[in-house]
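Okay, thanks for coming, everyone. I'll put the chain up on the screen and then walk through it piece by piece.

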Amino acid sequence: QMVGTWATDAEIFATAHLLTVDIEAYCQNGNAKAWLRYPASLKLDCNTRTDDALYLVNEDSVHFNVVLDVSD
């Protein structure tokens with residue numbers, strides 16, 4: 001992580017495509033919570049998923065952080 005660097009949805013989507021891996025982001029804004037998927041494929045097929053994914057969390061609606069462990 002570099003101080004002063006950031007990404008919008010466009011950069012996250014482009015990263016997913018370039019790395020050919022889905023990026024899943026857990027977003028929380030007040031009581032609203034949802035997973036957002038940035039697919040590796042440019043096709044708009046919701047059923048197409050890669051075997052692996054990168055996971056991010058956005059708890060403050062400002063910064064994304066990498067999720068290191070998704071186990072129970």
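So, to start: which strands does H1 lie across? H1 lies across E1, E2 and E3, and its direction is at about 45 degrees to E2. For that angle, axes are lines fitted to C-alpha atoms, for helices over the stretch in contact, and angles run from 0 to 180 degrees between N-to-C directions. Contact here means heavy atoms within 4.5 Å.

Before I go on, some housekeeping. This is a predicted model, where local features need pLDDT of at least 70, side-chain atom pairs count only at pLDDT 80 or more, and totals for chains, interfaces and linings use all residues. Residues are numbered from 1 along each chain as its sequence is written, and side-chain values use heavy atoms, with hydrogens and water left out.

How confident is the predictor? pLDDT is its confidence in each residue, from 0 to 100. The chain has a mean pLDDT of 78, with 74% of its residues at 70 or more. Among the elements, helix H1 (residues 9-19) comes out highest, at 90, and strand E4 (residues 65-66) lowest, at a mean of 78. Keep in mind that where pLDDT is low, the predicted coordinates should not be read in detail.

Now the layout. There is one helix and there are four strands, in the order α-β-β-β-β from the N terminus on. Those are DSSP runs, numbered from the N terminus: helices (H or I) have at least four residues, strands (E) at least two.

The four strands make an open sheet, ordered E2-E1-E3-E4, with mixed pairing. E2 and E4 are the edge strands, each pairing on one side only. Pairing means that DSSP finds at least two bridges between two strands.

Let's take the pairs. E1 and E3 go together in the parallel sense, over six bridges. In one of these pairings, aspartate 22 has alanine 53 in E3 as its bridge partner. E3 (residues 53-58) and E4 run antiparallel and are joined by two bridges. Leucine 56 has valine 66 in E4 as its bridge partner, and valine 57 stands opposite asparagine 65 in E4.

Back to aspartate 22, since its side chain also meets that of arginine 37 in a salt bridge, at 3.5 Å, N to O. The pair links distant parts of the chain, with aspartate 22 in strand E1 (residues 22-29) and arginine 37 in strand E2 (residues 32-38), 15 residues apart. The structure holds one salt bridge, the term being a side-chain nitrogen of Lys or Arg within 4 Å of a carboxyl oxygen of Asp or Glu. In general, side chains of opposite charge can pair when their charged atoms come close.

Are the two partners buried or exposed? Aspartate 22 counts as buried, at 2% relative accessibility, while arginine 37 is partly exposed, at 22%. The cut-offs are under 20% relative accessible area for buried, over 50% for exposed, and partly exposed in between (1.4 Å probe, protein chains only). Over the whole chain, buried residues make up 19% of the 72 residues.

Next, cysteine 27, in strand E1. Cysteine 27 is buried, with a relative accessible area of 17%. Leaving aside neighbours within four places in sequence, its contacts are Ala32, Lys33, Ala34, Leu36, Asn58 and Phe64. Cysteine 27 and valine 57 sit 6.0 Å apart, C-alpha to C-alpha, with their positions 30 residues apart in sequence.

One of those contacts, asparagine 58, lies in strand E3 and is buried too, at a relative accessible area of 7%. With neighbours within four places again left aside, asparagine 58 touches Tyr26, Cys27, Gln28, His63 and Phe64.

Last stop: the loop between H1 and E1. Threonine 20 is in that loop, and has a positive phi of about 50 degrees although it is not a glycine. Most residues other than glycine have a negative phi. Threonine 20 counts as exposed, at 56% relative accessibility. Valine 21, in the loop between H1 and E1 as well, counts as buried at 11%. Valine 21 is 20 residues from serine 41 in sequence and 8.3 Å from it in space, C-alpha to C-alpha.

That's my tour, so over to you for discussion.

Note on methods
pLDDT is the predictor's confidence in each residue, from 0 to 100.
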